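Welcome, and thank you for taking a look at this one with us. Please keep the sequence and the 3D view side by side as you read.

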Amino acid sequence: MSAQGASGAPRGTLQRWLTGPRVDGLPQLAAQPAPALSFEFFPPRTEALEAQLWSCIRRLEPLAPRFVSVTYGAGGTTQARTHATVARIVRETRLTPAAHLTCVGAPRAEVDEVARAYWEAGVRHIVALRGDPPAGMAQYEAHPEGYAYAVDLVAGLRRIAPFEVSVAAYPEIHPTALSADHDLDNLKRKIDAGATRAITQYFFDSAIFLRFLDRALAAGITVPIVPGIMPVSNFTQMRKFSAMCGAGVPDWMGRLFEGLEEDAETRRMVAAVVAAEQVRLLQANGIDEFHFYTLNRPDLVYAIAHILGARPRRPD
């Protein structure tokens, strides 16, 4: 079965590119319209980090992303900050916020109350997640009176209000999944419960994502599956984090960043090229929407978005 992009476009452009007209022996990639973008932020823990966050938001706002998401800590540790950040985005920007909401450490009534508060604040989009275990816990344990898993949370949100609901997907399999088929079945159940979009864990091997799309389509999943893109500002830290969350790091990436530990400027240039090439390859396979994990650092994301054709929108 042929893979399709997030909008349903068939894969095949890459083959035409590789065999298309050449100049000086190199394939020429035709100009493409700028893709739809979304950005993820995390809520600040200090005043200094809050200033950094809002500098990031203001820098990326003119690119008119489809939406911006704000993360939510394990066990609700950033619940108040997440809500405050999302509410301020609604009040002070033209951005469309999506608030993360998890099942961890709270009864259903409390989670439902948070969801209703978001709706009353004008938030219409929720990213529904099971959530990670709080610090000090080896594995996830559902609250005895809470939503057990993301599929239950999705169904609960649908009972509260007509939210747009995004869920997580894992091209390289969730670390706790019993198998790839089990993981894909879980995604299908979340979609069947009412989710309208899936956003993937970041990945660096585009072929893995495209194979995942093939499998998702074969399983009857037809909602958009948006690839999550992680620009690499610090390769050493990213490799450690990837080992914990199950994201593979190709050997070629290590070679590209080799010797740049003390050279932040060159690291940023390499990171921009790597992410832009990854997105260009996915575009050539019909993907037209991307979700960027910003880590509240706007410049690298802005540069990549510019390479992809995104331009600031003039205020009305």
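Buried here means under 20% relative accessible area, exposed means over 50%, and partly exposed covers what lies in between. With that cut-off in hand, Asn296 counts as buried because its relative accessible area is 2%. Please bear in mind throughout that this is a predicted model.

## Two residues with positive phi

Asn296 is a friendly place to begin. This residue sits in the loop between β10 and α11, and its phi is near 60°, a positive value in a residue other than glycine. Leu295 belongs to the loop between β10 and α11 (298-307) too. Although Leu295 is not a glycine, its phi is positive, at about 55°. How does Leu295 stand on accessibility: buried, partly exposed or exposed? At 35% relative accessibility, Leu295 counts as partly exposed, while Asn296 is buried.

## Strand β3 and its partners

Now let us turn to strand β3. This strand spans residues 36-41, and 6 of its 6 residues are buried, so β3 is largely enclosed by the rest of the structure. In a regular strand, side chains alternate between the two faces of the sheet. In β3, Ala36, Ser38 and Glu40 point one way, whereas Leu37, Phe39 and Phe41 point the other way, and all are buried.

Which strands pair with β3? One is strand β10 (residues 289-293), which runs parallel to β3 and is joined to it by 5 bridges. Within this pairing, Glu40 stands opposite Tyr293 of β10. Another partner is strand β4 (residues 67-70), paired with β3 in the parallel sense over 4 bridges. Here Ser38 of β3 faces a partner in β4, namely Phe67, which stands opposite. The connection between these two strands involves helix α2 (residues 47-60): together, β3, α2 and β4 make a right-handed β-α-β unit.

Ile287 gives another link to this region. Ile287 is found in the loop between α10 (264-284) and β10. With a relative accessible area of 2%, Ile287 is buried. Ile287 and Ala36 are 251 residues apart along the chain, yet their C-alpha atoms are separated by 9.7 Å.

## Strand β8 between β7 and β9

Strand β8 (residues 197-202) offers a second well-covered example: 6 of its 6 residues are buried, and the strand is mostly covered. How many bridges does β8 form with strand β7 (residues 164-169)? The two pair in the parallel sense over 4 bridges, and Ser166 has Arg197 of β8 as its bridge partner. Strand β9 (residues 225-229) also runs parallel to β8, joined by 3 bridges. In that pairing, Ala198 has Ile225 of β9 as its bridge partner.

Helices accompany both of these pairings. Helix α6 (residues 180-192) forms a right-handed β-α-β unit with β7 and β8. Helix α7 (residues 206-218) does likewise with β8 and β9, and that unit is right-handed.

The strand pairings described so far are gathered here.

| Strand pair | Sense | Bridges |
|---|---|---|
| β3 and β10 | parallel | 5 bridges |
| β3 and β4 | parallel | 4 bridges |
| β7 and β8 | parallel | 4 bridges |
| β8 and β9 | parallel | 3 bridges |

## An internal cavity

Rolling a probe the size of a water molecule over the atoms shows where empty space is left. The structure holds 1 cavity of 30 Å³ or more, and the volume of the largest cavity is about 30 Å³. Which residues line the largest cavity? They are Tyr170, Glu172, Ile173, Gln201, Cys245, Gly246 and Ala247. Sorted by class, this lining has 4 nonpolar, 2 polar and 1 charged residues.

## Cysteines and an exposed arginine

How many disulfides does the structure hold? The number is 0. Two cysteines deserve a mention here: Cys56 counts as buried because its relative accessibility is 0%, and Cys103 counts as buried at 1%.

For contrast, take a look at Arg91, which has its place in helix α3 (residues 79-92). At 60% relative accessibility, Arg91 counts as exposed. Arg91 and Gly122 are 31 residues apart in sequence, and their C-alpha atoms are 9.2 Å apart in space.

Notes. Residues are numbered from 1 along each chain as its sequence is written. This is a predicted model: local features need pLDDT of at least 70, side-chain atom pairs count only at pLDDT 80 or more; totals for chains, interfaces and linings use all residues. Side-chain values use heavy atoms; hydrogens and water are left out. A disulfide is a pair of cysteine sulfur atoms within 2.5 Å. Buried means under 20% relative accessible area, exposed over 50%, partly exposed in between (1.4 Å probe, protein chains only). On a 1 Å grid over the protein atoms alone, a cavity is a set of points where a 1.4 Å probe fits but cannot get out, and a pocket is an open set with protein on both sides within 12 Å along at least five of seven lines; lining residues have an atom within 4 Å of a point. Grid points are joined across faces, edges and corners, and a volume is the space filled by probe spheres set on the points. Ala, Val, Leu, Ile, Met, Phe, Trp, Tyr, Cys and Pro count as nonpolar, Asp, Glu, Lys and Arg as charged, and the others, Gly among them, as polar. Two strands pair if DSSP finds at least two bridges between them. A crossover is right-handed if, with the strands pointing away from the viewer, the path from the first strand over the helix to the second runs clockwise.
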